[in-house]
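Biologist: Please take a close look at a single part of this model and how the rest of the chain packs against it. A connected account would suit me better than a list.

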Amino acid sequence: MARLLEALEAVVALSGLAGGAYLMARPMTAMPRRFLEGTGFSSWRLPGLALFVLVGLGPALVVVAQRRDLAVARAGHLVVGVGLVAWIVVEMVWIVVTPPLQITFAALGIAIAVLGVVRVRRGTPRG
């Protein structure tokens with residue numbers, strides 16, 4: 001189960017890091033600017049930074065914690081799963097984007113959260 005969580009979180013982390021870096025590097029053209037209408041953002045730079053940090057770095061740190069057998073990884077899995085679902089909900093409400101991608105990442109978040117609950121209940125760092 002630990003390896004499955006690491007794999008799922010690595011996919012999320014790499015996607016967040018790559019997507020966030022792309023949005024920050026191309027803040028005016030990365031995605032249609034019409035998606036930003038009504039959000040208060042004038043470019044993709046800040047949303048890209050948030051994506052990079054919250055969806056990229058956060059899960060990456062949990063993967064590292066899991067690989068090092070740190071007990072904090074158990075809670076980290078829950079935070080990543082619930083946080084990813086929350087991120088997707090906010091994104092779909094605030095910045096209208098392509099639903100299949102959001103549905104996929106919401107499903108990943110739910111899977112990570114459920115597996116995280118199982119790991120917390122087991123109470124072992126690696127199990």
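Modeller: Beyond its neighbours within four places in sequence, valine 12 is in contact with Val55, Pro59, Leu84, Phe105, Leu108 and Ile112. The model is a predicted one, and these contacts are read from it. Val12 belongs to the largest nonpolar core, which has 21 residues, and together with Leu84 it touches the most other members. Helices α1, α2, α3 and α4 each give two or more residues to this core. The largest share, 5 residues, comes from α4. In soluble globular proteins, nonpolar side chains tend to be buried together.

Two of the contacts of valine 12, Val55 and Pro59, are among the buried residues of α2, and that helix deserves a fuller description. Helix α2 runs over residues 45–67, and at 1.5 Å a residue its 23 residues should span 33 Å. The C-alpha atoms at its ends are 31 Å apart, so the expected and modelled spans agree. The helix has a kink of about 30° at leucine 57, shortly before proline 59. Besides Val55 and Pro59, the buried residues of α2 include Pro47, Gly48, Leu51, Gly56, Val62, Val63, Ala65 and Gln66. Among the elements that cover them are α1 (2–25), α3 (72–94) and α4 (99–122). Just after α2, aspartate 69 takes a positive phi of about 60°.

The last residue of the range given for α2 also takes part in a charged pairing with α1. The structure holds 2 salt bridges, and Arg3, Glu6 and Arg67 are linked through them in a network. In one, arginine 67 pairs with glutamate 6, the closest N and O atoms being 3.1 Å apart. This pair links distant parts of the chain, with arginine 67 in helix α2 and glutamate 6 in helix α1, 61 residues apart. In the other, arginine 3 pairs with glutamate 6, with the closest N and O atoms 2.9 Å apart. Arginine 3 and glutamate 6 are 3 residues apart in helix α1, so about one helical turn separates them. An α-helix has 3.6 residues a turn, so residues three or four places apart point the same way.

The partners differ in exposure. Glutamate 6 has a relative accessible area of 7% and is therefore buried. Arginine 3 is partly exposed because its relative accessible area is 47%, and arginine 67 is partly exposed with a value of 47%.

Key
Residues are numbered from 1 along each chain as its sequence is written. This is a predicted model: local features need pLDDT of at least 70, side-chain atom pairs count only at pLDDT 80 or more; totals for chains, interfaces and linings use all residues. Side-chain values use heavy atoms; hydrogens and water are left out. Helices (H or I, at least four residues) and strands (E, at least two) are DSSP runs, numbered from the N terminus. The expected span of a helix is 1.5 Å times one less than its number of residues. The bend at a residue is the angle between axes fitted to the seven residues ending there and the seven starting there. Buried means under 20% relative accessible area, exposed over 50%, partly exposed in between (1.4 Å probe, protein chains only). Contact means heavy atoms within 4.5 Å. A nonpolar core is a set of buried Ala, Val, Leu, Ile, Met, Phe, Trp, Tyr and Cys residues joined through side-chain atoms within 4.5 Å. A salt bridge is a side-chain nitrogen of Lys or Arg within 4 Å of a carboxyl oxygen of Asp or Glu.
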